[in-house]
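User: Please take a close look at the interior of this model. I would like one connected account of what packs there and which polar pairs go with it.

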Amino acid sequence: MIDKLSLAQANMILGAALAAARADGLPPVAVVVLDAAGNPVALQREDGASMLRVDIAQGKAFAAAGMGVASGVLHQRAQDNPVFFNALASSGQGRFIPQTGAVAIRSADGTLLGAVGASGGTGAQDEAICAAGVRVAGLVAA
């Protein structure tokens with residue numbers, strides 16, 4: 001049973017997500033991997049990615065880690081319940097961004113290990129490269 005995300009796993013997720021972005025021809029992206037407590041484990045910003053990409057990727061990942069689901073799910077929930085999600089954004093001191101582009105990282109037994117977020121493509125493209133990275137690491141994207 002895996003109960004903690006290792007640096008090696010985070011780096012594998014990061015590398016595979018960046019490779020997926022290049023294979024898909026995305027603009028320069030930033031990818032951030034957080035542990036289950038929302039702390040950064042690994043991050044990279046590709047050459048040419050704009051200055052806010054890391055912050056956006058981290059906010060998407062923070063939301064996914066905090067709620068344990070993909071940020072695309074959170075984006076829909078935020079539209080359905082904006083008052084609650086505004087409160088979450090406020091209580092997260094601005095780090096909680098419920099925008100498509102991140103996935104929760106779970107072990108095979110369902111334990112929440114963290115999340116990975118990306119910024120640079122569309123939300124759907126960002127989420128897809130994050131999920132690809134998690135799969136390459138042998139973990140479950142949720």
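Analyst:
**Interior packing and its polar pairs**

Leu 139 touches Ile 2, Leu 5, Gln 9, Ile 13, Ile 105, Arg 106, Ser 107, Leu 113 and Val 134, leaving aside residues up to four places away in sequence. This is a predicted model, so everything here is computed from predicted coordinates. Three of the partners of Leu 139 just named, Leu 5, Ile 13 and Ile 105, appear again among the residues with the most contacts inside the largest nonpolar core, and so does Leu 139 itself. That core has 26 residues, and the list of its best-connected members also includes Val 31, Val 116 and Ile 129. Two or more of its residues come from each of α1 (7–23), β1 (30–35), β3 (102–106), β4 (112–119) and α5 (123–136). Helix α1 contributes the most, with 7 residues. A second core, separate from this one, has 18 residues, including Ala 30, Leu 74, Phe 96 and Ala 115.

Strand β4 deserves a closer look. Of its 8 residues, 7 are buried, leaving the strand mostly covered. It pairs with β1 in the antiparallel sense over 6 bridges, and one of the pairs across these strands sets Leu 34 against Ala 115 in β4. Ala 115 is also a member of the second core, while β4 gives two or more residues to the largest one. As general background, side chains in a regular strand alternate between the two faces of the sheet.

β4 also runs antiparallel to β3, joined to it by 5 bridges. Here Ala 102 stands opposite Gly 117 of β4. β3 and β4 form a hairpin with 5 residues between the strands, and in it Gly 110 adopts a positive phi near 95°.

Which residues does Ser 119 touch, not counting those up to four places away in sequence? They are Pro 28, Val 29, Ala 30, Arg 53, Ile 56, Ala 57, Lys 60 and Asp 126. Ser 119 lies in strand β4. Because its relative accessibility is 1%, below the 20% cut-off, Ser 119 counts as buried. One of these neighbours, Arg 53, makes a polar contact with Ser 119, side chain to side chain, at 2.9 Å.

Two others in that list, Lys 60 and Asp 126, form a salt bridge, with their closest N and O atoms 3.0 Å apart. Asp 126 sits in helix α5 and Lys 60 in helix α2, so this pair ties together parts 66 residues apart in sequence. Both ends are buried: Asp 126 has a relative accessible area of 0%, and Lys 60 has 4%. Ser 119 therefore touches both partners of a salt bridge whose ends are buried.

The whole structure holds 2 salt bridges. The other joins the side chains of Glu 46 and Arg 22 at 2.8 Å, N to O. Glu 46 is in the loop between β2 (40–45) and α2 (53–67), whereas Arg 22 is in helix α1, so the pair ties together parts 24 residues apart in sequence. Here the ends fall into separate classes: Glu 46 counts as buried at 15% relative accessibility, but Arg 22, at 40%, is partly exposed. Helix α1, which carries Arg 22, is also the element that gives the most residues to the largest core.

Key:
Residues numbered from 1 in each chain as written. Predicted model: local features only at pLDDT ≥ 70, side-chain atom pairs only at ≥ 80, totals over all residues. Heavy atoms only, no water. Core = buried A, V, L, I, M, F, W, Y, C linked by side-chain atoms within 4.5 Å. Buried < 20%, exposed > 50% of the residue type's maximum accessible area, 1.4 Å probe, protein only. Helix = DSSP H or I, 4+ residues; strand = E, 2+ residues; numbered from the N terminus. Contact = heavy atoms within 4.5 Å. Polar contact = N/O pair within 3.5 Å; in protein donor to acceptor, adjacent residues only side chain to side chain. Salt bridge = Lys/Arg side-chain N within 4 Å of Asp/Glu carboxyl O. Pairing = 2+ DSSP bridges.
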